[in-house]
Amino acid sequence: MKKIISLLLSAALLLALLSACQEPAPSVSSAPAKDWAVNELASLAFDYSGREDQDGLESVHAETDREWITTYLENAYGLQEPWVDAAMIRATGASAFEIAVLRMEDEGAAVRAATAFMNYISARQGDFTGYAPAEADMAANGEILQEGPYAALFICPDPKQASAAVEAALGGDSQPSPTPTLGVPTDDIDELLEALLESCEDSGNDMSNLQRLEGSGLEDYITNVYGLSREQWTEAAIARDPETAFEVAVIRASNDGDEVFDGDPPAVIPGGLKTSGAMKEKLDDYLADREGEFDPDSDQGKLLHRAIAGSGGEGDTWYAVLLACTGWDKATDAFVQATGTGFSWTPRYNYLDTDPNYPDRCAFTPPNKDDMSLYDTSAILAAWEAGDPSGLSDYDRDIYDAAQAVLDQVLEDGMSGLEKETAIYGWVVHNVDYDWTHQNIMVPTPRESFTPYGGLVNHTAVCLGYAMTFQLLCDLAEVECITVVGAAFNSEEDHAWNMVRLNGKWYCVDVTWDANYREQGATDWPAEYWNHFNVTSDEMAEENHQWDYANTPEAVTAGNGRD
């Protein structure tokens, strides 16, 4: 959801938020040797950003768009510091891509601008969490640079190279340092482990008591400690310190065949990608258990709290990686350099404060960044009951007619409640697109996108519009349903979803996030792959949903309503 970022966040909270994900920090040095124009620097950063095309991007410069940029700096970055010049290249649709270069009045103002960028990185991660996971990851891995009076933000596929290019230019070179060559990428598992350990040593980890697992001990450790089945992996390399929390593991995923979803073009999930993702979840569980063995205030407890599990690869070769070490961010770079592929991870801790009555759940505080009031559908329901829509307003009549057309299409006589719900959910997943103006702070999101009109008539909605569309269709089909107005991403983003009651049992559904999986490439997303259909309240909480726990029905039944 959109946010007006406040610079009044305490430094402690800001640092704690960033400790759970990539920890971008401004690089401070002396004033640059050359007086660069910010639009030149932004263009240079784009050349090294890892993006090859400019489709869906807009470029703005204070020389021609000063009023626009002033508004953007205040509303997006929360920045009112005196600035001299600004330029940016940013995405306008379903992408977090953004490069911004500011020249501030002085170095002190530039430092404060870099701090504002740190807050913005977390905000943009929240904007895309659940809606476009890859874009959320790109935002979380954004880089910040501060040099003299310049401050720059890089949210792009290769933020380190973009930052390095600008830093080199500001250091006095007319041309940036060349992109490092990867050489011949390796797929030797021992060489990959060596590359990671070398990076760990460079980051100051004590390697004097390192133990490498081999043979049957290696296989037993992966099976009994990590909880991975032998069918999931082909080979592995692990090094750990038995006296401390230090541990690095690289595990090659078995490739049990691609999954192909029907569509035009078909959506393909590589088998190795699917398996590495499943292993990554097991490694996350291991890290959580391992963390409980240490005092959380000790150095080792803190190291484990920040440890990550991730996955990377391409084609038929995918890996799951565990990094419990200092400087794990540099170790991920070493993995990328050694393999010539990408690396993806998500924070294990998505919140700081827990609810005192629900210690495993994030404390809920309504963000109130959007008007999340529910659209009154009582007139539509009354007209449906009477079989006479003639007295409805034009707006409600459009909703009524569209809803009737959908139900005529998807429902059949004799359907059970679950069958009706599944048919309605499937229609919304496949026919309603997300309104990406909601992620663009410079474009107002039409109110229709928050109502059933957005989902049923425009086929475009935000989360509340999805939820209200689903509820109205369920209401008309006589499936008991409520809309939950809550939050996501550390209770920082307004969010809405639904609960249904089947055979007296409550279930949670989030049609918005499942529709967005379809939008991200799965052109045909069948019911068996829906991630947020008829799940428990605990599962919703684990998937970064927050709500008024005490005053909302609790969904406790597993099995997606099918058991």
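## Nonpolar cores

The largest nonpolar core of this chain has 108 residues. Seven of its members have the most contacts inside it: Y77, F97, L153, F154, L456, F470 and L473. Another core lies apart from it, with 25 residues. Its members include I222, A236, A253 and L287. In soluble globular proteins, nonpolar side chains tend to be buried together. The model is a predicted one.

L456 shows what surrounds a residue of the largest core. Leaving aside neighbours within four places in sequence, L456 touches I399, A402, A403 and V406. Under the same condition, L456 is also in contact with W427, T469, L472 and L473. L473 is itself listed among the residues with the most contacts inside the core.

## The chain as a whole

The chain has 563 residues, and 52% of them count as buried. Its secondary structure comprises 18 helices and 21 strands. Take the contacts between residues at least 6 apart in sequence: 66% of these join residues at least 24 apart.

The accessible surface of the chain comes to about 24,100 Å². Carbon and sulfur atoms account for 46% of that surface.

## A buried charge

D137 sits in helix 5, which covers residues 133-140. Which side chain of opposite charge is nearest to D137? It is K280, 8.4 Å away. D137 has no salt bridge, yet D137 is buried. A salt bridge would need a side-chain nitrogen of Lys or Arg within 4 Å of a carboxyl oxygen.

Beyond its neighbours within four places in sequence, D137 is in contact with S344, W345 and T346.

Definitions and conventions
Residues numbered from 1 in each chain as written. Predicted model: local features only at pLDDT ≥ 70, side-chain atom pairs only at ≥ 80, totals over all residues. Heavy atoms only, no water. Core = buried A, V, L, I, M, F, W, Y, C linked by side-chain atoms within 4.5 Å. Buried < 20%, exposed > 50% of the residue type's maximum accessible area, 1.4 Å probe, protein only. Contact = heavy atoms within 4.5 Å. Helix = DSSP H or I, 4+ residues; strand = E, 2+ residues; numbered from the N terminus. Lys, Arg positive; Asp, Glu negative; His and termini not counted. Areas by Shrake-Rupley, 256 points an atom, 1.4 Å probe, with all protein chains shown as cover.
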